Amino acid sequence: MRQSIVQWFRFASPQSFYPLAGRMIPWFWAAAIVFGIAGLWISFFVAPTDAQQGEGYRIIFVHVPASWMSMFIYLVMAFWAGLGLALNTRVSAMMAQALAPTGALMATLSLVTGSLWGKPMWGAWWVWDARLTSELILLFLFLGFMALQAAIDDPRRADKAGAILALVGVVNIPIIYFSVKWWNTLHQGSTINLNKAPSMAQTMLWGMLLMALAFWMYSIAVALMRVRAIILERERNTEWVKHALE
Amino acid sequence: MNAFLATVRRDLLLALRRKSEVLTAVFFFVIVTSLFPLGIGPEAVLLKKIAPGILWVAALLATLLGLPRLFATDHVDGTLEQMVLSPSPLGLLVAGKILAHWLLCGLPLVLLAPLLGLQFDLDASALGILTLALLLGTPLLSLIGAIGAALTLGVRGGGVLLALLILPLYIPALIFGAGAVEAHIAGLDASGHLSLLAAMLALAVFFAPWATTAALRVALE
């Protein structure tokens with residue numbers, strides 16, 4: 001047991017994590033492509049046309065996984081940031097920094113696909129629905145995290161300040177979500193109830209799950225590539241980086 | 001506790017010697033709320049409906065205006081470092097500074113709100129709820145804002161960044177604060193909103209000085 005713990009902590013050093021990440025990236029890319037092709041095939045050719053929504057519903061195969069990933073990435077980011085703050089491990093903080101742009105991308109993708117879906121289905125690009133509003137606020141939280149890190153020159157301070165912000169955000173996310181939800185029911189703005197979606201065909205569910213896996217693998221692959229770039233940038237004055245790039 | 005009171009007294013004293021800074025935020029509040037009728041039109045029914053939202057958004061922005069000053073001057077002249085080194089716990093001193101900030105930036109808004117609400121044709125009981133909601137909400141704004149002020153201390157473009165970081169976190173306060181007044185106007189019970197606001201305030205009183213202290217230590221190291 002003791003042996004295994006020591007093994008894991010070895011990768012907290014940028015020098016040993018850099019090659020490990022390099023070895024893992026092709027596998028995650030491969031998994032992302034395989035799941036993506038399978039998911040797209042099911043979502044375009046296998047899944048039946050929806051009785052009420054026609055072909056337009058197929059955007060949910062991108063929309064739902066993107067929304068899931070945006071929320072999940074925020075949690076993972078906060079986890080790494082908190083770990084970096086508690087244990088003072090450099091790679092954890094770099095990981096949090098590397099995840100933020102992907103999270104923001106997923107939130108944006110979710111909002112854009114949502115409004116593209118909303119226009120033909122609801123007749124409006126934007127509805128002040130609880131989920132849409134919380135997703136928008138989540139995007140703001142990602143942007144705030146990235147802006148704070150970009151504004152601080154000292155990387156160590158940027159890591160720690162970003163970590164505190166991410167943790168404050170995690171405490172706030174449930175509060176924001178429920179307040180937006182109650183605000184929405186109080187105002188009764190939209191008559192569309194997302195919760196009453198018609199029960200989904202089995203194939204649709206499979207397509208969505210495969211796409212979610214593809215997005216997940218893609219996020220890991222991209223985050224690892226980004227963390228490698230961050231490691232090189234921050235450790236550029238060390239001896240091992242000079243050898244690693246030869 | 002002495003250190004806490006001494007910090008409050010010191011910050012109030014400093015602010016009273018430079019009154020214009022405090023008054024600027026208050027006038028900002030007044031001007032912003034007066035701009036909305038000019039932009040929207042003098043329709044009494046519509047204005048009455050949107051009054052709680054306008055007053056609350058203006059209060060958020062006015063609070064935000066005073067936040068960069070919370071730690072900046074003390075940071076520049078080195079007082080903040082002395083506070084970190086002092087034998088009293090930093091969290092207590094920070095809590096004192098936040099309380100002073102609320103007394104200077106939050107309390108005037110609470111006291112002015114009924115007057116501004118009259119411009120929007122709110123009746124007496126709605127004004128009471130508005131004042132009560134602001135009384136519970138503005139300390140919450142100061143507490144959450146202090147975390148942002150500490151995080152952006154001495155950072156390039158700190159003021160704008162502060163708005164980006166803090167405004168999303170202000171959303172629950174805005175929803176329940178304005179919601180309380182709207183619920184009252186609609187003939188519903190506002191106590192649920194006020195209770196939630198009070199619960200968030202209790203949570204923030206406990207956690208915010210602690211997070212602010214952590215952020216200050218990061219900024220000063």
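User: How do you know what span to expect for helix α6 of chain B?
Analyst: Happy to go through it. Helices here are DSSP runs of H or I with at least four residues, and strands are runs of E with at least two, numbered from the N terminus. The expected span is 1.5 Å times one less than the number of residues. α6(B), residues 90-119, has 30 residues, for which 44 Å is expected, and its first and last C-alpha atoms lie 43 Å apart, close to that value. This is a predicted model, in which local features need pLDDT of at least 70 and side-chain atom pairs count only at pLDDT 80 or more, while totals for chains, interfaces and linings use all residues. Residues are numbered from 1 along each chain as its sequence is written, and chains are lettered from A and ligands numbered from 1 in the order in which they are written.

User: What makes B:Ala113 a place to look at in α6(B)?
Analyst: The helix bends there by about 40°, where a bend is the angle between axes fitted to the seven residues ending at a residue and the seven starting there. A proline, B:Pro114, follows within four residues.

User: Just after that helix comes B:Asp121. Why is B:Asp121 called buried or exposed?
Analyst: A residue is buried with 20 or more other C-beta atoms (placed from the backbone) within 10 Å of its own, exposed with 12 or fewer, and partly exposed in between. B:Asp121 has 12, so exposed is the right word. Its place is in the loop between α6 and α7 (124-151) of chain B, and its phi is positive, near 65°, although the residue is not a glycine.

User: What makes A:Asn88 exposed, partly exposed or buried?
Analyst: Its count is 13, which falls in the middle class, so A:Asn88 is partly exposed. A:Asn88 sits in the loop between α3 (60-87) and α4 (90-122) of chain A and also has a positive phi, about 60°.

User: And why is B:Gln82 put in its exposure class?
Analyst: B:Gln82 has 11 other C-beta atoms around it, so this residue is exposed. B:Gln82 belongs to helix α5 (residues 79-85) of chain B.

User: How do you know whether the radius of gyration of chain B agrees with that of a compact globule?
Analyst: The radius is taken over C-alpha atoms, and the globule rule is 2.2 Å times the number of residues to the power 0.38. For 221 residues that comes out near 17 Å; chain B has 18 Å, so the two agree. The C-alpha atoms fill a box of roughly 55 × 30 × 30 Å along the principal axes, and 51% of the residues in chain B are buried. The chain holds nine helices and zero strands.

User: What makes a residue part of the largest nonpolar core?
Analyst: Such a core is a set of buried Ala, Val, Leu, Ile, Met, Phe, Trp, Tyr and Cys residues joined through C-beta atoms within 7 Å. The largest one has 148 residues, and B:Ile144 is among those touching the most other members. Helix α8 (residues 158-185) of chain B gives the largest share, 17 residues. Contact also means C-beta atoms within 7 Å; leaving out residues up to four places away in sequence, B:Ile144 touches B:Ile166, B:Leu169, B:Tyr170, B:Ala204 and B:Ala208.

User: How many residues does each chain bring to the contact between A and B?
Analyst: Chain A brings 22 residues and chain B brings 20. On the chain A side, α6(A) supplies the largest share, 13 residues.

Notes:
Two residues are in contact if their C-beta atoms, placed from the backbone, lie within 7 Å.
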